[in-house]
Amino acid sequence: MDAFFASVEQRDNPELKGKPVAVGGSRERGVVAAASYEARKYGVRSAMPSSTAYRKCPQIIFVKPRFERYKEVSSQIRGIFAEYTDLIEPLSLDEAFLDVTHNKKGIESATLIAKDIKKRIKETTGLTASAGISINKFIAKIASDYNKPDGITLVGPEKVELFLEKLAIEKFFGVGKVTAEKMKRLGIVDGKTLKEWTKEGLTSAFGKSGGFYYEIVRGNDNRPVNPNRIRKSLGAENTFSEDFHDLADMKMALDPIARTVYKRLEAANKWGKTLTVKVKFSDFTQITRSQTHDHVIDSLDEILEITFQIMDQIDWDNFTEGVRLLGITLSNFEGEQNESPKLGQQLTLEF
């Protein structure tokens, strides 16, 4: 979906149409969860501190997120996807992979399917979507961001090699800002220069990820679209209106977060062996600390006990900034198994 959260807000409140909108945060603090295209023209992006967004665009309008509303609209969109295929792998509320090799309507052209889906989304929700179409998930994902908003990008089998060679390295899905900067220092600026490296060389420079980069720049991605993708973690976090400096205050703030995590675990009937605490400071640096146990953590009391143990073990003298965000995540779920992906060709759409 195109600027999904912000687009929903502009649709539901006509006064916001055509104006720079940021969902999340406030003028003073917080983080932008989504920015309208009008705000993006000023350089405002998701995950940007809202104070930075305000400096870039003083006329920006901050709107509180309404996640229940976004879930409602997301369900409508997934209902449309289900009219075409059952092989739907949601990535988030506003993004999903679709395998349309064998689709319910018998349409032989993936491009026609994408156009049809985009039309149905527009008619049903009033919102626009962008689609990427290619031979696998990796390329479809990149293609979906290539012609936004309201675009369609097809990368057919015969165009894959040239498409990837010309692609700027920071556009590769899975290559973050830090990795992109490291690659550029090594002379890797696009797919063509990445392809010049051996698998051994990339592994030496980037660890296990090196093997991944070696394969994807050659268009190799045999991961199937998995409609039953297993959730690997459950958690909750909170950004505070004022920074915390005292450990006792942090523990008090963690209590309601732990209760939220427990309710989510209970609702999903999932209990994990690993608990991770996330701490973000006022300068936006962050740390995580984890404990793994030989049994599942299945009570609120134990979640709180382990959380407080982790907090007590942090050497707070090493951190001078106040704490603006705290989070708790449970992972390593009971009965969790690694799945081996099946190989096979497919025609994949990414919305």
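**Domains, cores and a buried aspartate**

The domain assignment, whose bounds come from an automatic or database source, divides the protein chain into domain 1 (4-65), domain 2 (68-129), domain 3 (159-218) and domain 4 (233-333). This is a predicted model, in which local features need pLDDT of at least 70 and side-chain atom pairs count only at pLDDT 80 or more, while totals for chains, interfaces and linings use all residues. Residues are numbered from 1 along each chain as its sequence is written, and side-chain values use heavy atoms, with hydrogens and water left out. Taken over C-alpha atoms, the centres of domain 3 and domain 4 are 35 Å apart.

The largest nonpolar core (buried Ala, Val, Leu, Ile, Met, Phe, Trp, Tyr and Cys residues joined through side-chain atoms within 4.5 Å; buried means under 20% relative accessible area, with a 1.4 Å probe and protein chains only) has 32 residues, of which Leu275, Val279, Met311, Leu326 and Ile328 touch the most other members. At least two residues of this core come from each of β8 (233-244), α12 (247-268), β9 (272-281), α13 (300-313) and β11 (323-333), where helices (H or I, at least four residues) and strands (E, at least two) are DSSP runs numbered from the N terminus. Apart from this core lies another, of 26 residues, among them Ala34, Phe81, Leu98 and Ile113.

Asp2 belongs to the segment before α1 (4-12) and is buried, with a relative accessible area of 2%. Not counting residues up to four places away in sequence, Asp2 touches Ser7, Tyr37, Thr128, Ala129, Ser130, Lys148, Pro149 and Asp150, contact meaning heavy atoms within 4.5 Å. A polar atom of the Asp2 side chain lies 2.7 Å from the backbone nitrogen of Asp150.

Technical notes:
Buried means under 20% relative accessible area, exposed over 50%, partly exposed in between (1.4 Å probe, protein chains only). A polar contact is a pair of N or O atoms within 3.5 Å; within protein, one must be able to donate a hydrogen and the other to accept it, and residues adjacent in sequence count only if both atoms are side-chain atoms.
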